Amino acid sequence: MQPTSRVPITRVSGEAASRDEDVLAVEEPLEIRIGEKPVSVTLRTPGEDFELAAGFLFSESILHAADEIESIRHWGSPNVVRVQLRDGVKLDLQRLQRHFYSTSSCGVCGKTSIDALRVQTAPVQSDLRMHAAKIIAMPELLRAQQTSFDATGAIHGAAIFDADGNILRAREDVGRHNAVDKVIGSFFLESATPLAQHALVVSGRLSFEIVQKTIVAGIPILAAVGAPSTLAVELAHEFGVTLIGFVRGERFNVYTSAERIVSG
C-alpha cells in the first residue's frame, strides 16, 4: 500500500473545465491487536505500520519496553497489525478493556483525564537547553523531509531532533497523532527511549494527545508551527515539558518551561 494515490478530477478555472488527475494522501483503517485481542482502530496513512503500533502501545502506557514484544506482523490484511508479546509479559487488563477509537482528525477519543496520566507517568526530567535559532530552523528541516506533503499538501509530519538541532528521523501521516506514534515508535523499537536529550517537532497544532505522547517518551521540548490548546498547555506545565507554538519565521511562543530555551 502506498501513502499517496492518483484520482481523476475535473479541474475548473474560470469558465473552463478539463479532466485531470490529483494526488491524494491515502487514508485507511489500521486495527492494532495484542495477540488475538483488538486494542485500537486508527485511520492512518499506510507505511511504518509496525512503528505506529509499537508507538501507540508505548504512548498509551500499555507497553513499557521493546523487549516485551516477541514479534510484530500484519495479520491476514495489510490493515491489521498483530503484536505478539513474550511469554510472561503481564498487561494492565483494565487499560486493555478500555475501548480505543481514533480518527485522523481527533486523535485518541475517550480520554479519561490528566489524572489517568498522573498514575502512569512521572514528570519529564532533563537538563537539555537549546538555542532559539535551532528551534526556529526545525520546522523547515521537518518540511524538507515531508515527501508525501509535497505530493498532496494534506499530510502531517513529526520529527525527532538531537540536542544540536540535527533532525534524526521524520514520519508522515494523515493523523498528526499517528505521525508522532510512528516516529516515537521507531525509537521505542530500538530500546532508545526515554528521549531526554531530544526535541519533537510537529506540523499543525499542539493537542492534548500530542503532549501526552511526548511526556511518555520523556521528551523535554515539543514545538509546532501551530497553536496549542489550553489542555495541552496545562498538561505540559504539570509534567515539565517545554511547549512551543507558532514557530514561524524568526519568532515563536514558549508556553511552559521557558528556561530550556537560550536566547541572545
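This note sets out points on the fold, the backbone and the pockets of the structure.

1. Basis and overall make-up. The model is predicted. The protein has eight helices and 16 strands. Of its 264 residues, 50% are buried.

2. Contacts and surface. Among contacts with a separation of 6 or more, 53% are between residues 24 or more positions apart. The exposed area of the protein is about 12100 Å², and carbon and sulfur atoms account for 50% of that area.

3. The cis peptide bond. Thr193 and Pro194 are joined by a cis peptide bond, with omega at about 5 degrees. Pro194 belongs to the loop that runs between α6 (176-188) and β12 (199-202). Pro194 also appears in the lining of the largest pocket, where it is one of the residues that lie nearest the centre.

4. Positive phi at Glu48. Glu48 is a residue other than glycine with a positive phi, near 55 degrees. This residue sits in the loop between β4 (37-44) and α1 (49-59). Glu48 has a relative accessible area of 37% and is therefore classed as partly exposed, since that class lies between the 20% and 50% limits.

5. Positive phi at Phe246. Phe246, likewise a residue other than glycine, has a positive phi near 55 degrees. Phe246 is placed in strand β14, which spans residues 242-248. With a relative accessible area of 30%, Phe246 is partly exposed.

6. The largest pocket. Its volume is about 240 Å³. The lining comprises 19 residues, and those nearest the centre are Phe58, His64, Pro194, Val216 and Ala217. By class, the lining of the largest pocket holds twelve nonpolar and seven polar residues, with no charged residue.

7. The second largest pocket. This pocket holds about 190 Å³ of space. It is lined by 15 residues, and Glu48, Thr147, Ser148, Arg171 and Glu172 are the closest to its centre. Glu48, the residue with positive phi in point 4, is thus part of this lining.

8. Composition of the second lining. At least two lining residues of the second largest pocket come from each of α4 (132-145), α5 (147-152) and β11 (167-173). The largest share, three residues, is supplied by β11. The lining of the second largest pocket divides into five nonpolar, seven polar and three charged residues, whereas the lining of the largest pocket has no charged residues.

Technical notes:
Residues are numbered from 1 along each chain as its sequence is written. This is a predicted model: local features need pLDDT of at least 70, side-chain atom pairs count only at pLDDT 80 or more; totals for chains, interfaces and linings use all residues. Side-chain values use heavy atoms; hydrogens and water are left out. Helices (H or I, at least four residues) and strands (E, at least two) are DSSP runs, numbered from the N terminus. Buried means under 20% relative accessible area, exposed over 50%, partly exposed in between (1.4 Å probe, protein chains only). Contact means heavy atoms within 4.5 Å. Accessible areas come from the Shrake-Rupley method with a 1.4 Å probe; for residues, only the protein chains shown count as cover. On a 1 Å grid over the protein atoms alone, a cavity is a set of points where a 1.4 Å probe fits but cannot get out, and a pocket is an open set with protein on both sides within 12 Å along at least five of seven lines; lining residues have an atom within 4 Å of a point. Grid points are joined across faces, edges and corners, and a volume is the space filled by probe spheres set on the points. Ala, Val, Leu, Ile, Met, Phe, Trp, Tyr, Cys and Pro count as nonpolar, Asp, Glu, Lys and Arg as charged, and the others, Gly among them, as polar.
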